Amino acid sequence: MNTQTSNATVTFRKPVLKDGLSIYQLIQASPPLDVNSSYLYFLQASHFADTCVVAEYEGNIAGFISAYYRPDVPGSLFVWQVAVSDSLRGQGMAKRLLSALIQQQPPESIRQLCCTIGPSNQASQGLFKSFAKQHGLTLQVEPFITEADFGDLGHEAEELYRLQPESGDCIRLVS
């Protein structure tokens, strides 16, 4: 654990338009995340701000999570990207971002939390497995996008992760 930031105050909030460039730069510095156009991050920080969270540390964007509600599955919140700066890695920041994302949603709105993860991305797999266990959620993993679907782009397959309460109720975080 990086002791320099372990006791520091991190603020979680919805992004605003002016955060777009900082979010873009954070994603660029966070391999293996796919870097999209800077314009996309401005849209996420404005049009999709209700389903995104930034972690602000010492006046800088040091963490970001983007998500959206799937139009084809009501109550399914799809997490697109999770990024944490080097200075805050190894301190549970990604879990805190996920919790902040869920807590800022309207009550009773999330029936499942979804994301896709490549087979080599052990860090993201660990994050979602640990988050599911911590909050008593069942975790299902199934194939989603194959390497062949990506053509000759050299992108590995993506598996779909689904976290949801066993009861079928809405997700409620447990401490």
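The following exchange asks how some descriptions of this predicted model are reached.

User: What is the pLDDT of the protein, and where is it below 50?

Analyst: The protein averages a pLDDT of 92, and 95% of the residues score at least 70. Over residues 1-6, however, the pLDDT is below 50, although this stretch has 11 contacts in the model beyond near neighbours in sequence. Where pLDDT is low, the predicted coordinates should not be read in detail.

User: Why is Tyr41 called buried?

Analyst: A residue counts as buried when its relative accessible area is under 20%, and Tyr41, at 0% relative accessibility, therefore counts as buried. Tyr41 belongs to the buried residues of helix H2, which are Leu40, Tyr41, Gln44 and Ala45.

User: What makes the buried residues of H2 line one face of the helix?

Analyst: Seen down the axis of H2, the buried residues fall within an arc of 135°, so they line one face. The cover over these residues includes H1, S2, S3 and S4.

User: Why does Gly20 count as buried, and which residues is Gly20 in contact with?

Analyst: The relative accessible area of Gly20 is 0%, and since buried means under 20%, Gly20 is buried. This residue is found in helix H1, and, leaving aside its neighbours within four places in sequence, Gly20 is in contact with Tyr41, Phe42 and Ala45. The C-alpha atoms of Gly20 and Tyr41 are separated by 5.0 Å, while the two residues are 21 residues apart along the chain.

User: What makes Tyr24 and Tyr41 an aromatic pair, and why is the pair called tilted?

Analyst: Ring centres have to lie within 6.5 Å for a pair, and an angle that is neither under 30 degrees nor over 60 counts as tilted. Tyr24 and Tyr41 are 6.0 Å centre to centre with 45° between the planes, and they form a tilted pair. The pair links distant parts of the chain, with Tyr24 in helix H1 (residues 20-28) and Tyr41 in helix H2 (residues 38-46), 17 residues apart.

User: How many aromatic pairs are found in the whole structure, and how do you know whether the pair of Tyr68 and Phe78 is stacked or tilted?

Analyst: A search of the whole structure finds 2 aromatic pairs. The rings of Tyr68 and Phe78 have their centres 5.3 Å apart and their planes at 35°, so this pair is tilted, given that stacked planes would have to be under 30 degrees apart. Tyr68 lies in strand S3 and Phe78 in strand S4, 10 residues apart. At 30% relative accessibility Tyr68 counts as partly exposed, whereas Phe78, at 9%, counts as buried.

User: How do you know whether Gly59 and Thr51 are buried or exposed?

Analyst: Gly59, in the loop between S2 and S3, has a relative accessibility of 60% and therefore counts as exposed, the cut-off being over 50%. Thr51, in the loop between H2 and S2, has a relative accessibility of 8% and therefore counts as buried. Leaving aside neighbours within four places in sequence, the contacts of Thr51 include Ile65, Tyr68, Leu77 and Leu101.

User: How do you know that the length of helix H4 agrees with its number of residues?

Analyst: At 1.5 Å a residue, the 13 residues of H4 (residues 122-134) should span 18 Å, and the end C-alpha atoms are 18 Å apart, which agrees. In H4, Gln125, Leu127, Phe128, Phe131 and Ala132 are buried. These buried residues cover an arc of only 160° around the axis, which puts them on the same side of H4. On the other side of H4, Gln122, Ala123 and Lys133 are exposed.

User: Which residues have the most contacts inside the largest nonpolar core, and which element gives the most to this core?

Analyst: The largest nonpolar core has 31 residues, and those with the most contacts inside it are Ile65, Val79, Leu98, Leu113, Phe128 and Leu163. H3 gives the most to this core, with 7 residues. A second, separate core of 12 residues includes Ile27, Ala45, Val54 and Ile61.

Note on methods:
Residues numbered from 1 in each chain as written. Predicted model: local features only at pLDDT ≥ 70, side-chain atom pairs only at ≥ 80, totals over all residues. Heavy atoms only, no water. pLDDT = per-residue confidence, 0-100. Contact = heavy atoms within 4.5 Å. Helix = DSSP H or I, 4+ residues; strand = E, 2+ residues; numbered from the N terminus. Expected span 1.5 Å × (residues − 1). Buried < 20%, exposed > 50% of the residue type's maximum accessible area, 1.4 Å probe, protein only. Arc of directions from axis to C-beta. Core = buried A, V, L, I, M, F, W, Y, C linked by side-chain atoms within 4.5 Å.
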